Amino acid sequence: MASQVISVNRKKYAVGLFWQPMGVGNVRNNARSLARSVDKKLNLYTEYRAMIGLGARKFGQRVGMLSAAAEVMESFSEYTSFLAVFQVDKKFYLVASRNGIILEDKLFDSEDAAREEYVGLSKIPDWGAFFAPGAWGMPRASERNFADLLNGRSHAVLHSVSHVYALVVSAALIGVFVLGLGLIFYDSLMQATHDRPQVQDLDPELVAEYKRQIEEKSKELDAQYEIEKVAPPEPIVLPYDILPGVAERAYQCYQAIAFLMQPVPGWNQVYATCGEAHAVAELRRSFGTLGDFYALAGELMPGVGVEEVGEDVIRIQAALPKLGVVASQDERDAQTVVRDVNTLFQTVDMDVDTQIVVDTLTNGVDVVNLNVVEVAAESKLVPMQFMEIFDDFGGVYLVQASWDVASRSWSYEVIIYAK
């Protein structure tokens with residue numbers, strides 16, 4: 001039977017519990033009834049936030065173990081819904097919470113299986129936050145150190161579903177306690193009735209050797225368990241503190257696309273896009289040759305990178321220079337920003353798509369949630385004219401501007417950092 005226990009810093013935690021909302025009445029009785037209806041071999045339970053989690057000794061779980069899922073819930077208490085995967089040794093542990101209820105509590109031996117489950121669950125809308133290993137490259141997901149989340153604040157420990165087992169354990173503990181008291185008093189009585197050896201009666205050489213051995217052992221233990229000093233994490237850089245000027249950014253994209261869209265005989269322009277660090281254009285061959293293109297493009301567009309997508313398609317790329325930055329954030333809440341943006345676009349009779357997203361930033365210790373309004377629109381206006389629509393907003397950034405040759409129109413992606 002596969003173990004459902006993980007060990008972190010030499011402490012064991014129960015995973016893979018079966019979670020259900022808790023009914024009215026005695027918790028142990030509810031756990032017993034739930035176990036009978038699900039699997040009679042589920043003989044352990046824990047209580048957490050009006051939920052019951054069922055486990056079993058056959059999975060390696062024991063009375064007194066903390067629930068790993070409850071620990072994660074406590075550490076992510078600011079989120080009502082989150083989806084998280086952590087690598088623990090060579091396994092992967094997935095925890096999902098929806099509206100404060102533990103939806104998933106799974107341990108995977110296979111990384112592929114864990115990633116597949118994560119991707120499937122991520123398609124459910126309205127997650128408050130995502131956490132995944134950085135190597136996965138999951139969008140909008142941040143990575144957290146699993147050991148940092150386990151602090152024992154949940155107090156969600158496993159108990160036995162059976163009354164009989166609980167009574168036996170209690171009796172055993174009482175017996176151990178009584179035996180310990182007897183040994184303590186026995187040693188005290190023995191010490192009181194026997195003469196203690198005096199220091200002056202001991203061999204000085206033996207005393208010196210004993211002290212030397214203690215000092216050596218202390219140094220050995222200090223070296224073995226010395227804790228490395230961990231440097232404090234780098235402060236989180238808030239993106240709205242390093243935004244390029246709106247007008248400068250719009251003009252940069254206009255100039256970059258104009259630079260890449262210069263006519264080359266025998267090659268038809270298809271589109272050009274200005275991203276965050278590069279501008280890219282695609283050209284399709286009509287009657288020209290690759291040799292003709294390279295000969296002319298080197299003069300018209302010095303320094304561009306060229307990618308031969310096929311015999312008839314070429315992509316060219318130019319790096320964008322860095323712009324000066326300013327700090328800017330809109331003082332309105334996200335819902336108000338959306339309403340005001342829609343109002344402005346209605347005024348100029350232009351279609352627009354808006355949505356609110358929450359971006360999560362972390363440095364491994366601190367977490368910051370950003371309210372971001374995403375704006376997408378198509379227009380005949382060049383970037384400088386289009387971005388004037390946002391003159392009354394703060395925290396504005398032109399993410400992307402694209403020129404489509406066939407429709408002779410621009411498409412824009414803009415974000416606004418709201419309060």
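Is glutamate 117 buried, partly exposed or exposed, and what is its relative accessible area? In the predicted model examined here, glutamate 117 has a relative accessible area of 23% and is therefore partly exposed. Its place in the structure is best described together with the charged residues around it, after a brief account of the whole chain.

The protein has 419 residues, of which 37% are buried, and its secondary structure consists of 10 helices and 22 strands. Among the contacts between residues at least 6 apart in sequence, 62% join residues that are at least 24 apart.

Side chains of opposite charge can pair when their charged atoms come close. A search of the whole structure finds 12 salt bridges. One of them joins glutamate 117 to lysine 106, with 3.3 Å between the closest N and O atoms, and this pair links distant parts of the chain, since glutamate 117 belongs to helix 3 (residues 111–122) whereas lysine 106 belongs to strand 9, 11 residues apart. Lysine 106, like its partner, is partly exposed, and its relative accessible area is 30%. A second salt bridge is found between glutamate 111 and arginine 115, whose closest N and O atoms are 3.2 Å apart; here both residues lie in helix 3, and the four residues that separate them correspond to about one turn of the helix. Glutamate 111 has a relative accessibility of 32% and so counts as partly exposed, and arginine 115, at 25%, is partly exposed as well. A third salt bridge brings together the side chains of aspartate 312 and arginine 285, at 2.9 Å from N to O. Because aspartate 312 lies in the loop between strand 16 (305–308) and strand 17 (313–319), while arginine 285 lies in strand 15 (residues 278–285), this pair ties together parts of the chain that are 27 residues apart in sequence. Aspartate 312 is partly exposed at 32% relative accessibility, and arginine 285 is partly exposed at 34%. Salt bridges that share partners also join Glu104, Lys106 and Glu117 into one network.

Strand 9 (residues 101–108) also contains aspartate 105, which is buried and yet has no salt bridge, the nearest side chain of opposite charge being that of lysine 106, 10 Å away. The side chain of aspartate 105 does, however, make a polar contact of 2.6 Å with the side chain of tyrosine 93, and it reaches the backbone nitrogen of leucine 17 at 3.1 Å. When residues up to four places away in sequence are not counted, aspartate 105 touches several others, among them Val15, Trp19 and Ala69. Another acidic residue, glutamate 71, lies in helix 2 (residues 68–75) and is buried, with a relative accessible area of 0%. Its contacts, again without residues up to four places away in sequence, include Tyr13, Leu66, Arg153 and His155.

A pair of aromatic rings is described by the distance of the centres and the angle of the planes. The structure holds 22 such aromatic pairs. In one of them, the rings of phenylalanine 293 and tyrosine 294 have centres 5.9 Å apart and planes at 80°, so this pair is edge-to-face. Phenylalanine 293 is buried at 0% relative accessibility, whereas tyrosine 294 is partly exposed at 37%. Phenylalanine 386 and tyrosine 412, by contrast, form a stacked pair, with 4.1 Å from centre to centre and 10° between the planes. This pair links distant parts of the chain, phenylalanine 386 being in helix 10 (residues 383–387) and tyrosine 412 in strand 22 (residues 409–418), 26 residues apart. Both of these residues are buried, and both belong to one aromatic cluster whose members also include Tyr254, Phe345 and Trp403. Aromatic rings also meet positive charges: arginine 98 lies over the face of tryptophan 127, at 4.4 Å from the ring centre, and the charged end of arginine 115 sits over the ring of tryptophan 136, 5.0 Å from its centre.

Finally, two residues that are not glycines have a positive phi. Aspartate 349, with a phi of about 55°, is found in the loop between helix 9 (334–347) and strand 19 (353–362) and is exposed, its relative accessible area being 71%. Arginine 408, with a phi of about 50°, lies in the loop between strand 21 (396–404) and strand 22, and at 55% relative accessibility it likewise counts as exposed.

Key
Residues numbered from 1 in each chain as written. Predicted model: local features only at pLDDT ≥ 70, side-chain atom pairs only at ≥ 80, totals over all residues. Heavy atoms only, no water. Buried < 20%, exposed > 50% of the residue type's maximum accessible area, 1.4 Å probe, protein only. Lys, Arg positive; Asp, Glu negative; His and termini not counted. Salt bridge = Lys/Arg side-chain N within 4 Å of Asp/Glu carboxyl O. Polar contact = N/O pair within 3.5 Å; in protein donor to acceptor, adjacent residues only side chain to side chain. Contact = heavy atoms within 4.5 Å. Phe/Tyr/Trp six-rings, centres within 6.5 Å; stacked < 30°, edge-to-face > 60°. Lys NZ or Arg CZ within 6 Å of the ring centre and 35° of its normal.
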